[in-house]
Amino acid sequence: MSSSSSLPRLVPLFEIGSAQLAPVLEAERAEWAASLDWDFEPALASLRYMLDNRVLPGVAVAVGDRGVGYAYYLFRDQRALVGGLYFLPEFRDGDWPRLVLQRVFQELARQPLARSIEGQILFPGPERSAGPLLRASGFQFLERRFLRLEAPAEHPLPPAPADLTLRPIPEGMLDDLALVMTHAYHGHVDARTSSLYLSFDGCARLLQALVLRGGCGPCEASLSLMAAVRDTPAGAIVVSRISKGSFFISQVFVHPRYQGQGIGRVLVGAVVNALARRHPGAGLSLTVSRDNTRAYDWYRRLGFADRLPHYAFMKLAGD
Ligand SMILES: CC(C)(COP(=O)(O)OP(=O)(O)OC[C@H]1O[C@@H](n2cnc3c(N)ncnc32)[C@H](O)[C@@H]1OP(=O)(O)O)[C@@H](O)C(=O)NCCC(=O)NCCS
């Protein structure tokens with residue numbers, strides 16, 4: 001990329017290397033750390049690799065030779081995933097997020113193989129211009145919240161069904177748990193912005209990615225638990241490590257047949273207690289759809305503080 005123009009303009013990511021995008025990527029790394037205590041470096045390392053090998057499709061906003069914002073897209077399991085949508089603060093409020101997204105959608109329209117287009121806007125601002133475009137283009141566009149519990153203390157576990165047992169998630173039972181998860185998310189608000197929740201295959205892929213492949217940071221095996229009632233899998237909680245001092249609940253679900261009996265409470269309580277014992281002072285975070293009122297209100301009652309609104313969007317092919 002070379003241009004003497006100081007006016008912002010759209011540039012294909014294929015024309016831009018990580019050095020030109022460095023100010024944006026560095027700001028993004030710093031914001032993940034400051035707002036979420038999340039180590040974004042591993043994700044950035046693969047983005048830099050793809051940028052420098054000119055294999056990352058997407059669009060940047062550039063001023064002269066300097067990138068000031070970007071979005072990319074990748075295909076996974078017939079889903080087009082839009083990532084980035086990150087802009088330096090002075091480029092969040094104007095029209096640039098909408099223009100970038102519009103260009104991404106134009107490119108995706110030329111490769112109609114994906115069954116869905118899905119993405120998130122993690123840091124506030126871009127949703128002001130991107131939101132109306134998403135809604136007008138038929139996307140589901142929902143607010144989510146990043147919640148955080150600071151240095152939790154140990155508490156007695158709440159009462160639970162007498163025949164409930166908890167144990168570390170056995171790798172051999174991931175498919176059984178994926179089935180439980182499929183039922184837990186049937187008709188759920190989160191299935192409006194992530195197509196993985198719509199099928200057993202999707203739930204199985206998500207669970208495997210989180211537990212076996214560090215999909216949300218390395219899975220903390222000792223904090224990731226399966227709940228069983230008389231040896232029948234009833235639910236699970238998956239926890240990953242997102243930085244030196246922070247852990248993240250990437251999944252918690254209970255089969256509808258067992259919901260409302262205190263199993264969710266016991267799963268979260270067991271994680272909080274283990275964290276307080278083994279990693280005193282560490283924080284525990286999660287994200288939740290604002291419309292998932294039952295879970296959101298429950299986390300707030302548990303002492304999770306509301307740290308950051310963000311947004312998720314999805315459109316299924318044919319919608
Ligand atoms: C969220 C979920 C894991 C909770 O599991 P659960 O075993 O049903 O939860 P519990 O019975 O332990 O109850 C947990 C809290 O929800 C409340 N609750 C339970 N059923 C409720 C209902 N029908 N309406 C409102 N609140 C309810 C309980 O009062 C409790 O709060 P309290 O401890 O302050 O009293 C479960 O509902 C689920 O799998 N939902 C679908 C997946 C999901 O939303 N996961 C969370 C994504 S962030």
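**Exercise 1.** In this predicted model, determine which residues Ser 194 touches, leaving aside those up to four places away in sequence, and decide whether Ser 194 counts as buried or exposed.

*Solution.* Begin with the contacts: once residues up to four places away in sequence are set aside, Ser 194 touches Glu 118 and Met 314. Next, place the residue in the fold, where Ser 194 belongs to the loop that runs between helix H5 (174-184) and helix H6 (200-212). Finally, apply the cut-off for burial, which is under 20% relative accessible area; Ser 194 has a relative accessibility of 16% and therefore counts as buried.

**Exercise 2.** Work out the strand order of the open sheet, and explain why one side of strand E1 and of strand E7 is left without a neighbour in the sheet.

*Solution.* Reading across the open sheet of 12 strands gives the order E1-E2-E3-E4-E5-E12-E6-E11-E10-E9-E8-E7, and the pairing is mixed. Strand E1 (9-12) and strand E7 (164-168) stand at the edges with a single partner strand each, and therefore each has one side without a neighbour in the sheet. From one strand to the next, the twist averages 25°.

**Exercise 3.** Describe how strand E11 is joined to E6 and to strand E10, naming bridge partners, and state how many of the residues of E11 are buried.

*Solution.* Take the E6 side first: E6 and E11 run antiparallel and are joined by six bridges, and Arg 145 has Val 288 of E11 as its bridge partner. Then turn to strand E10 (residues 246-254), which runs parallel to strand E11 (residues 283-289) and is joined to it by three bridges. On this side, Phe 247 is partnered with Leu 284 of E11, while Phe 248 is partnered with Ser 285 of E11. As for cover, six of the seven residues of E11 are buried, and the strand is accordingly described as mostly covered.

**Exercise 4.** Identify the strands across which helix H4 lies and the strands that H6 touches.

*Solution.* Helix H4 (residues 127-136) lies across strand E5 (116-121), strand E6 (140-149) and strand E12 (305-316), and it runs at about 140° to E6. Helix H6 also packs on the sheet, where it touches strand E9 (232-243) and E10, its direction making about 150° with that of E10.

**Exercise 5.** Establish how many residues surround the ligand, which polar atoms of Val 252 and Val 254 lie by it, and which element gives the largest share of the shell.

*Solution.* The ligand is surrounded by 20 residues, of which the closest are His 188, Val 254, Arg 265, Arg 294 and Arg 301. Among the polar approaches, a backbone N or O atom of Val 252 is 2.9 Å from a nitrogen atom of the ligand, and a polar side-chain atom of Tyr 185 is 3.5 Å from a nitrogen atom of the ligand. A polar backbone atom of Val 254, in turn, lies 2.8 Å from an oxygen atom of the ligand. Taken alone the ligand exposes 940 Å², and 76% of that area is buried by the protein. Two or more residues of the shell come from each of E10, helix H7 (263-278), E11 and helix H8 (293-302), and H8 gives the largest share, with four residues.

**Exercise 6.** Determine where Leu 88 lies and which residues Leu 88 touches beyond those up to four places away in sequence.

*Solution.* Leu 88 is part of the loop between strand E4 (79-87) and helix H3 (96-109), and with 8% relative accessibility it counts as buried. Apart from residues up to four places away in sequence, Leu 88 touches Pro 23, Val 24, Ala 27, Arg 66 and Val 68. Although Leu 88 and Leu 25 are 63 residues apart along the chain, their C-alpha atoms are separated by 9.4 Å.

**Exercise 7.** Compare the surroundings of Leu 85, with its positive phi, and of Arg 230, which also has a positive phi: is each buried or exposed?

*Solution.* As background, most residues other than glycine have a negative phi. Leu 85 has a phi near 45°, lies in strand E4, and is buried, with a relative accessible area of 3%. Arg 230 has a phi of about 45° and is not a glycine. The residue sits in the loop between strand E8 (225-229) and E9, and Arg 230 counts as exposed because its relative accessibility is 57%.

Terms used: Residues are numbered from 1 along each chain as its sequence is written. This is a predicted model: local features need pLDDT of at least 70, side-chain atom pairs count only at pLDDT 80 or more; totals for chains, interfaces and linings use all residues. Side-chain values use heavy atoms; hydrogens and water are left out. Buried means under 20% relative accessible area, exposed over 50%, partly exposed in between (1.4 Å probe, protein chains only). Contact means heavy atoms within 4.5 Å. Two strands pair if DSSP finds at least two bridges between them. Axes are lines fitted to C-alpha atoms, for helices over the stretch in contact, and angles run from 0 to 180 degrees between N-to-C directions. A residue is near a molecule or strand if one of its heavy atoms lies within 4 Å of it. A polar contact is a pair of N or O atoms within 3.5 Å; within protein, one must be able to donate a hydrogen and the other to accept it, and residues adjacent in sequence count only if both atoms are side-chain atoms. Accessible areas come from the Shrake-Rupley method with a 1.4 Å probe; for residues, only the protein chains shown count as cover.
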